[in-house]
Amino acid sequence: MRQFLPTRSDEPMYWLLFGAGGMVASMVLPAIMVVLIAAGYTSDDLNSGVLNLNQVHNIFSNWLLSLIVFGVVFLLSFYALHRMHHSSHDFGIHSKLTWYIAYGLAAAVSFVSLGLQLLMYVKYF
């Protein structure tokens, strides 16, 4: 008697990214927002205050901090677009096209962010 094995799915990987993005959205993003809002209240323009343009450049010129910012953008984009993909099922859209759009857009946002960070890193060094 031949036994049928279940097919393997790549869905757990996307749910893992979704869970990590949710954790970033609930724990890391509010801390970043508090720092940026506090920095915005202390500056009159981009060249003065707690977080001025030179300090932003120094943040992105550090490879570790730039990698952390990329990780936040990566996880948040997959979190948001995974949620949008599954919300499309609630609206009755059951197409594989929404999967390609959601995860393709999340990957595009992530790699554009990485490209801009690398461009900033290379341009100033």
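## Notes on a four-helix chain

1. A good place to start is the aromatic side chains: Y14, F70, F74, F78, W99, Y100 and Y103 come together as one aromatic cluster. Please keep in mind while you look that this is a predicted model. Two members of the cluster, F70 and F78, are listed among the buried residues of helix 3, and W99 and Y103 appear among the buried residues of helix 4.

2. Now for the overall layout. The chain has four helices and zero strands, and along the sequence the pattern reads α-α-α-α. Of the 125 residues in the chain, 24% are buried.

3. The aromatic theme goes further than the cluster, as nine aromatic pairs turn up when the whole structure is searched. One of them is F18 with Y79: the ring centres are 5.1 Å apart and the planes meet at 25 degrees, so this pair counts as stacked, the cut-off being under 30 degrees. The pair ties together distant parts of the chain, with F18 in helix 1 (residues 11–41) and Y79 in helix 3, 61 residues apart. Is F18 buried or exposed? F18 is buried, because its relative accessibility is 16% and the limit for buried is under 20%.

4. Helix 3 (residues 63–90) is worth following from end to end. With 28 residues at 1.5 Å a residue, helix 3 should span 40 Å, and its end C-alpha atoms lie 41 Å apart, so the two values agree. Its buried residues are S66, F70, V72, L75, L76, S77, F78, L81, H82, H85 and S88. After helix 3 comes G92, which has a positive phi, near 85 degrees.

5. Do take a look at S77 in helix 3. What does its side chain reach? The S77 side chain comes to 3.5 Å from the backbone oxygen of A106, and it also makes a polar contact with the side chain of S110, at 3.2 Å. S77 is buried because its relative accessible area is 8%, and both A106 and S110 are among the buried residues of helix 4.

6. Helix 4 (residues 96–123) passes the length check too: its 28 residues should span 40 Å at 1.5 Å a residue, and the end C-alpha atoms are 40 Å apart, so expectation and model agree. The N-terminal end of helix 4 is capped by S95, with a side-chain oxygen 3.0 Å from the backbone nitrogen of L97. Buried in this helix are T98, W99, A102, Y103, A106, S110, S113 and Q117. A general point may help when reading that list: an α-helix has 3.6 residues a turn, so residues three or four places apart point the same way.

7. On the outside, which residues make the nonpolar surface patch? I59, W63, L64, L65, L67 and I68 form it, with an area of about 580 Å². Helix 3 provides the largest share of the patch, five residues. L67, in helix 3, is partly exposed because its relative accessible area is 48%, which falls between the 20% and 50% limits.

8. Lastly, a word on V35, which sits in helix 1. V35 is exposed, because its relative accessible area is 53% and the exposed class begins over 50%. V35 and L51 are separated by 16 residues in sequence, and their C-alpha atoms are 9.1 Å apart in space.

Note on methods:
Residues numbered from 1 in each chain as written. Predicted model: local features only at pLDDT ≥ 70, side-chain atom pairs only at ≥ 80, totals over all residues. Heavy atoms only, no water. Helix = DSSP H or I, 4+ residues; strand = E, 2+ residues; numbered from the N terminus. Expected span 1.5 Å × (residues − 1). Buried < 20%, exposed > 50% of the residue type's maximum accessible area, 1.4 Å probe, protein only. Polar contact = N/O pair within 3.5 Å; in protein donor to acceptor, adjacent residues only side chain to side chain. Patch = residues over 30% accessible without salt bridge, like charges linked within 9 Å, V, L, I, M, F, W, Y side chains within 5 Å. Areas by Shrake-Rupley, 256 points an atom, 1.4 Å probe, with all protein chains shown as cover. Salt bridge = Lys/Arg side-chain N within 4 Å of Asp/Glu carboxyl O. Phe/Tyr/Trp six-rings, centres within 6.5 Å; stacked < 30°, edge-to-face > 60°.
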